Structure formats: C-alpha cells, structure tokens
Amino acid sequence: MKIRTLIKVLLLITGGLCVMSKIMNWPTLEFYIKPTTVPLFFMLYWFNVKKIDLIFLLVLFLCFLGDVFLLADIQNSFMYVLSSYSVSYLLLFYFLYKNYRPLNYDTTDVIYLIIFLISWSFISYKIYDVVYEAMGDIRCLGLLYLLILYFLFIGAVFQYINSRSTKSLWFLIAILNFVISDSCYALNKYYVPSIEFEIINSIYQLLAVFFLVKFKISSPTSLRLKQF
C-alpha cells in the first residue's frame with residue numbers, strides 16, 4: 001500500500017471516529033483521536049509537495065493547537081482556541097495576497113458578488129446577534145474572530161470569481177467549511193445546545209483542513225469555459 005493511500009485510510013478512520021465520538025457522546029475517544037487528525041493532514045501535504053510552505057505549516061500547527069485547547073480542561077481554554085484560529089485565519093490572508101490577480105469581473109459577476117455580500121453580511125449579523133449575550137467576557141474577541149472570518153470568506157469568493165481556478169476553488173471550499181463549522185459551534189455553545197450542531201461542526205472542521213491541503217497540493221488549472 002502506498003504511503004499516500006495509507007494516510008488517506010487513516011484519515012478516514014480517525015475522522016469517522018471523531019464524528020462517532022460526537023454521536024455516541026464519548027469525549028474520551030475524541031480526546032485521544034482528534035489531535036491526531038491535523039498531523040495526518042500534514043503528512044498528506046508533506047508527501048504531495050516537493051517543498052514545505054512554512055506559512056501553511058504554521059496554519060496547520062495553529063489548527064492543531066486549537067484542537068488541543070478545545071479538548072484541554074484548563075482555565076480560559078476557549079480564549080486560546082479563538083486566538084489560535086484567529087491567527088491561523090489571518091495567515092490565510094497571505095495566500096489570498098499571494099494568488100492575487102488584477103480584477104476582471106463582468107456584469108454577471110458583479111451581480112453575483114452583490115447578492116453574496118448582502119446575504120453573507122445578513123447571515124453574519126444574525127449569528128452574532130443570537131450569540132452576543134451568552135458570550136459574556138469574550139464578546140470583543142468573538143467579534144474580532146467573526147470579522148476576520150467574515151472578510152476571509154469574502155476574499156475567497158472574490159478570488160474564485162476573479163480567477164476561476166482549481167486552487168481558488170479548493171481555498172473557497174475550505175473557508176466555507178470553516179464558516180459552517182464555526183457557525184455550528186457558536187450556535188451550539190451560545191444559543192441552542194444541539195447534538196446536530198456538534199456533529200456538523202465535527203464533520204466540517206475536518207473537511208475544512210482537508211480542503212486546505214487540497215488547495216496547497218493542487219495545480220492552478222483554469223476552470224473558465226473556453227470560448228470558440
């Protein structure tokens with residue numbers, strides 16, 4: 001069995017166990033399994049590139065730290081979780097900058113972007129509005145976290161519409177998965193506790209890191225339709 005195939009099999013097993021730990025309410029299983037997922041994603045990345053990107057390596061490390069702090073029973077651990085992921089999201093802006101191209105939108109693109117901006121702004125506001133009171137002392141950090149993710153998702157959408165490449169698509173999907181995962185976590189923790197939110201959070205958090213790796217190992221193939 002090739003090493004890449006073995007890593008993917010291990011990721012399927014560990015990912016499945018993480019989701020199962022939520023479904024069956026087995027926190028002990030999650031405590032031991034969840035921290036292994038990001039190192040496996042790093043191995044998948046490592047065996048598919050010739051040179052390691054140190055910025056991306058730091059992003060993965062901060063995701064790993066976020067998982068550890070989330071599982072650790074220490075005082076103010078959630079503030080460390082928010083801080084770790086906030087910094088990792090800020091670092092992802094580097095890849096938006098690195099892959100920047102001059103804007104080239106047609107009328108249809110502009111209409112889609114306006115609809116997206118209005119919809120995404122409304123969704124972000126409503127999520128923060130329903131969790132604001134329950135966040136207590138971490139409201140400011142929570143608002144900063146939301147704003148970082150808010151602008152990161154906008155940047156990912158703008159970049160994809162502008163470039164229409166496989167790399168920008170994987171990046172957009174990764175950020176979308178982070179949005180879904182973080183939204184479900186916030187709603188579960190500060191609005192309505194729900195096993196469904198926990199399961200969705202578990203699934204999409206894993207998918208987010210997976211698609212980040214796909215973004216880094218994919219080639220910038222154009223997805224624009226050829227005009228004849």
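## Helices α6 and α8

In this predicted model, helices α6 and α8 are roughly parallel to each other, because their axes pack at an angle of about 30° and an angle under 35 degrees counts as roughly parallel. Helix α6 covers residues 107-135 and helix α8 covers residues 166-190, with the two axes 9 Å apart. If you turn the view so that you look through one helix at the other, the crossing of α6 past α8 is left-handed.

Which residues meet here? On the α6 side they are Trp120, Ile127, Val130, Val131, Ala134 and Met135, and on the α8 side Val179, Ser183, Ala186, Leu187 and Tyr190. Sorted by class, this contact of α6 with α8 has 10 nonpolar residues, 1 polar residue and no charged ones.

## Helices α8 and α9

Helix α8 also pairs with helix α9, which spans residues 195-217. The axes of α8 and α9 come within 7 Å and cross at roughly 160°. An angle over 145 degrees counts as roughly antiparallel, and α8 and α9 are therefore roughly antiparallel to each other. Their crossing is left-handed. By class, the α8 contact with α9 has 18 nonpolar, 5 polar and 5 charged residues.

## Helices α3 and α9

Now follow α9 to another of its partners, helix α3 (residues 37-46), where the two axes come within 10 Å and cross at roughly 15°. That angle makes α3 roughly parallel to α9. Here the crossing is right-handed.

From α3, the contact is made by Thr37, Phe41, Leu44 and Tyr45; from α9, the residues are Leu206, Val209, Phe210, Val213, Lys216 and Ile217. The class count for α3 with α9 is 8 nonpolar, 1 polar and 1 charged.

## Aromatic pairs

How many aromatic pairs does the structure hold? There are 23. One of them joins Phe56 and Phe95, whose ring centres are 6.2 Å apart and whose planes stand at 80°, so the pair is edge-to-face. Phe56 lies in helix α4 and Phe95 in helix α5 (residues 77-98), so this pair ties together parts that are 39 residues apart in sequence. Are these two residues buried or exposed? Both Phe56 and Phe95 are buried.

Another pair is formed by Tyr128 and Tyr132, with ring centres 5.5 Å apart and planes at 65°, so it is edge-to-face. Both tyrosines lie in helix α6, 4 residues apart, or about one turn of the helix. Tyr128 is buried, with a relative accessible area of 15%, whereas Tyr132 is partly exposed at 33%.

It is also worth picking out a cluster, in which ring pairs link Tyr45, Phe56, Tyr94, Phe95, Phe171 and Phe215. Two names here have come up already: Tyr45 takes part in the contact of α3 with α9, and Phe56 forms the edge-to-face pair with Phe95.

## Two buried residues

Leu62 is found in helix α4, which runs over residues 54-71. With 10% relative accessibility, Leu62 counts as buried, because the cut-off is under 20%. Setting aside residues up to four places away in sequence, Leu62 touches Ser84, Val87, Ser88 and Leu91. For a sense of distance, Leu62 and Ile13 are 49 residues apart in sequence and 23 Å apart in space, C-alpha to C-alpha.

Ser86 sits in helix α5 and counts as buried at 6% relative accessibility. Which residues does Ser86 contact, leaving aside its neighbours within four places in sequence? They are Tyr145 and Ile148.

## Positive phi in two loops

Finally, have a look at the backbone of two loop residues. Asn25 is not a glycine, although it has a positive phi of about 55°. Its place is in the loop between α1 (3-23) and α2 (27-33). At 60% relative accessibility, Asn25 counts as exposed.

Arg164 has a positive phi of about 50°, and it is not a glycine either. Arg164 is found in the loop between α7 (139-163) and α8.

How values were computed:
Residues are numbered from 1 along each chain as its sequence is written. This is a predicted model: local features need pLDDT of at least 70, side-chain atom pairs count only at pLDDT 80 or more; totals for chains, interfaces and linings use all residues. Side-chain values use heavy atoms; hydrogens and water are left out. Axes are lines fitted to C-alpha atoms, for helices over the stretch in contact, and angles run from 0 to 180 degrees between N-to-C directions. Angles under 35 degrees count as roughly parallel, over 145 as roughly antiparallel, 65 to 115 as roughly perpendicular and the rest as oblique. A crossing is left-handed if the near helix is turned anticlockwise from the far one by less than a right angle, and right-handed if clockwise. Contact means heavy atoms within 4.5 Å. Ala, Val, Leu, Ile, Met, Phe, Trp, Tyr, Cys and Pro count as nonpolar, Asp, Glu, Lys and Arg as charged, and the others, Gly among them, as polar. Buried means under 20% relative accessible area, exposed over 50%, partly exposed in between (1.4 Å probe, protein chains only). Rings of Phe, Tyr and Trp (its six-membered ring) pair if their centres lie within 6.5 Å; planes under 30 degrees apart count as stacked, over 60 as edge-to-face and the rest as tilted.
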